[in-house]
Amino acid sequence: MTNIQNAAVTKPAGKVLYDSVGAHHQILNVESGATVYPGGLVLQGTDDDDIVTCGAGGEGFGWAGYEDTPKKYRPATIDTLYVTLDRIDVINGPGIIVRARLQNGQNVPKGTRLVAGAAGELLAASTAAPPSGTVAVVSTGAQPVAAGPLSTQGMVVAIAYESVNASGGALPILVTSLI
C-alpha cells in the first residue's frame, strides 16, 4: 500500500487551492496591486473589504486565490499580478493546502514552519535561542517564551507540504495553511 504522504507531490496546474476541505472564501478588493500574485499571502487593507500584500513580519489572514476569482478579474496566468481594484477570491482555513510562493534564497525541507516574507512570499521561521554569554543565567524569565507577543518574524502561517529550493529565485511551494 502506498503512503500518500510520502508520494511525490504534483502542483495543480492553474490552481492555488490543492486541497479545499475546510476552505473559506471571500471576494475582496485589491487595494494596491503592486505585488499581489495568486497564492500570495495577504492582509487587510484600509477597509474590511480591501486587501494588500503581506510584508515580512506581517499578520496575513489569507491567500490570494485564482481559480475561484471572477473571470473578469482573473489574470491570464497564475503567475501574473492582480491589478488595483480587482475583486479576487481570498482563501483561508487551517489545514487547507495551497500553492504559495517561497521567497528567493530559501531552501526548505518538507515540514518546515513558514512565516511572512517580503511581497506576500514565505520564508523559514527561525528558532528563538536562549540568551548566552559569560554571565550565568539564573532566571527562567530570561528564557524565550512560547506564548505572548508575536516574535519579530510574526506568526507561523504555514507548514511546507514539500521540499523546495528557491536559492535561484522565488518559486511556488505547496503549503498546509495554519490561518
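Is R101 buried or exposed? R101 is buried, with a relative accessible area of 15%, and the legends below, which describe a predicted model, come back to this arginine in the fourth view.

**View 1. An all-strand protein seen as a whole.** Let's start with the overall layout. The protein has 13 strands and zero helices, so the cartoon reads as one β element after another, in the order β-β-β-β-β-β-β-β-β-β-β-β-β. Of its 179 residues, 41% are buried. Take the contacts between residues at least 6 apart in sequence: 63% of these join residues at least 24 apart.

**View 2. Five strands close into a barrel.** Follow the strands around in the order β2-β4-β3-β5-β6 and you trace a closed barrel with mixed pairing. Neighbouring strands of this sheet are turned against each other by 55 degrees on average, direction ignored. Look next at β2 and β6, which pair in the antiparallel sense over six bridges. A handy landmark here is L28, whose bridge partner in β6 is I88.

**View 3. The largest nonpolar core and V175.** This core holds 34 residues. Those with the most contacts inside it are L41, W63, I88, L114, L122, I173 and V175. Several strands give two or more residues to the core, among them β2 (24-30), β3 (41-44), β5 (62-64) and β6 (87-92). Further along the sequence, β7 (97-102), β9 (113-116), β11 (156-160) and β13 (171-177) do so too. I88 thus appears both here, on the list of core residues with the most contacts, and in the previous view, as the partner of L28. Now zoom in on V175: leaving aside residues up to four places away in sequence, V175 touches W63, I96, I97, V98, A100, L114, L122, A158, I159, A160 and Y161.

**View 4. R101, a buried arginine in β7.** Here is the residue from the opening question. R101 lies in strand β7 and counts as buried because its relative accessible area of 15% is under the 20% cut-off. Apart from residues up to four places away in sequence, R101 touches Y37, G39, D79, E121, L122, A170, L171, P172 and I173. One of these contacts deserves a closer look: R101 lies over the face of Y37, at 5.2 Å from the ring centre.

**View 5. K110 over the ring of Y161, and a word on aromatic pairs.** The charged end of K110 sits over the ring of Y161, 5.6 Å from the ring's centre. Y161 is also among the residues that V175 touches. As for ring-to-ring pairs, a search of the whole structure finds one aromatic pair.

Definitions and conventions. Residues numbered from 1 in each chain as written. Predicted model: local features only at pLDDT ≥ 70, side-chain atom pairs only at ≥ 80, totals over all residues. Heavy atoms only, no water. Core = buried A, V, L, I, M, F, W, Y, C linked by side-chain atoms within 4.5 Å. Buried < 20%, exposed > 50% of the residue type's maximum accessible area, 1.4 Å probe, protein only. Helix = DSSP H or I, 4+ residues; strand = E, 2+ residues; numbered from the N terminus. Contact = heavy atoms within 4.5 Å. Pairing = 2+ DSSP bridges. Axes fitted to C-alpha atoms, helices over the stretch in contact; angles between N-to-C directions. Phe/Tyr/Trp six-rings, centres within 6.5 Å; stacked < 30°, edge-to-face > 60°. Lys NZ or Arg CZ within 6 Å of the ring centre and 35° of its normal.
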